[in-house]
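Work through these exercises with the model open beside you. Try each task before you read its solution.

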Amino acid sequence: MRSKANIKSHPLHPILICFPLAFFIGSFVFDILFLFNQNPSFQNTAYHLNIAGVIGAVLAAVPGFVDFLYTVPPESSAKKRAAKHGLLNTGNLLLFIAIVLLKRNTALDYKILVAMEAIGVIILFIAGWLGGTLVYRNQIGVDPRYADAGKWNEEYVNTNDNFIRVAAANELKLNQMKLVHAGGKRIIIAHSEKGYAAFSDHCTHKGGSLAGGAMICGTVQCPWHGSQFNVHDGSVSAGPAKKGIETYNVEERDGAVFLHLKEIKK
Ligand code: FES
């Protein structure tokens, strides 16, 4: 699923997290060195790395939050994972802000601060592990380019109508899909050998986004665990999904493709 916060399809969040990771771990390492030899330059370096880490974490959080809202598929296992990832990182950011403020209080035992930093570094690794799962397993931020399927294609349609224009008749190549957001739903318009089809962008297994998968011969495959669905009638062609996906009526007329938003095919 292509990131919403990207530069030429390179997601910003994984680029920016390198900075707080390096700065917070660096701050912890220099504080350990200070505990061993009491050299004030180590303490000073740790303090400034700590501040740099807080700034870097705030900057990294912005595209991360954008992706949480708009890239991670709703009502999916990845959404829950992303929520945990975000909460851990937010809590950790507050912890490191508290450490910066407490470092100004020279009366406090410095070992307590270093212990707090150790906890923060452990949380960093746990949150980072979840983030890695979101990228390497759930493919959040991945922009696949399947043969003949064209580039990522997405459109937001603002309308209360039930019958909406979703594409020009020649807009999609064979086996190409387009994700349309309309009426609070995520619906994929797909061009198969049998013509146009419209179906829900929600895999019934664990909520994977089918728009990030591949379609061939009228069958779409979920990118998460490989469930396959017939794009015209929504039936399951291969598990692990057991329940079919919702499909919608589409009509081609006057050189355009129209979607009946509320009429779900039975
Ligand atoms: S979410 Fe598991 S196969 Fe789609």
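Domain bounds here come from an automatic or database domain assignment. This is a predicted model: local features need pLDDT of at least 70, side-chain atom pairs count only at pLDDT 80 or more, and totals for chains, interfaces and linings use all residues. Residues are numbered from 1 along each chain as its sequence is written, and side-chain values use heavy atoms, with hydrogens and water left out.

**Exercise 1. Find the two domains and describe the contact between them.**

Step 1. Mark the bounds: domain 1 is 6–136 and domain 2 is 154–264.

Step 2. Take the centres over C-alpha atoms; they are 39 Å apart.

Step 3. List the residues in contact (heavy atoms within 4.5 Å). Domain 1 gives seven residues and domain 2 gives six residues.

Step 4. Find the buried area, which is the accessible area (1.4 Å probe) that two parts lose on being put together, summed over both. For domain 1 and domain 2 it is about 540 Å², and carbon and sulfur atoms give 58% of that.

Step 5. Ask which three residues supply the most on the domain 1 side. P73, P74 and S77 supply 56% of the area that domain 1 buries against domain 2.

Step 6. Look for salt bridges (a side-chain nitrogen of Lys or Arg within 4 Å of a carboxyl oxygen of Asp or Glu). The rule finds zero across the interface of domain 1 and domain 2.

**Exercise 2. Check the length of helix α5.**

Step 1. Helices (H or I, at least four residues) and strands (E, at least two) are DSSP runs, numbered from the N terminus. Helix α5 has 27 residues, 110–136.

Step 2. Get the expected span: 1.5 Å times one less than the number of residues. For α5 this gives 39 Å, and the end C-alpha atoms are 38 Å apart, so the two agree.

Step 3. Look at the N-terminal end of α5. D109 caps it, with a side-chain oxygen 3.0 Å from the backbone nitrogen of K111.

**Exercise 3. Which residue forms a salt bridge with K103?**

Step 1. Search the whole structure; seven salt bridges turn up.

Step 2. Pick the one with K103. Its partner is D31, and the closest N and O atoms are 2.7 Å apart.

Step 3. Place both residues. K103 is in helix α4 (residues 77–103) and D31 is in helix α2 (residues 18–37), so the pair ties together parts 72 residues apart in sequence.

**Exercise 4. Find two backbone exceptions.**

Step 1. Recall the rule. Most residues other than glycine have a negative phi, and most peptide bonds are trans.

Step 2. Check S9. Its phi is near 70°, a positive value in a residue other than glycine. S9 sits in the loop between β1 (6–7) and β2 (10–11).

Step 3. Check the bond from G239 to P240. That peptide bond is cis, with omega near 20°. P240 is in the loop between β11 (236–238) and β12 (247–253).

Key. A polar contact is a pair of N or O atoms within 3.5 Å; within protein, one must be able to donate a hydrogen and the other to accept it, and residues adjacent in sequence count only if both atoms are side-chain atoms.
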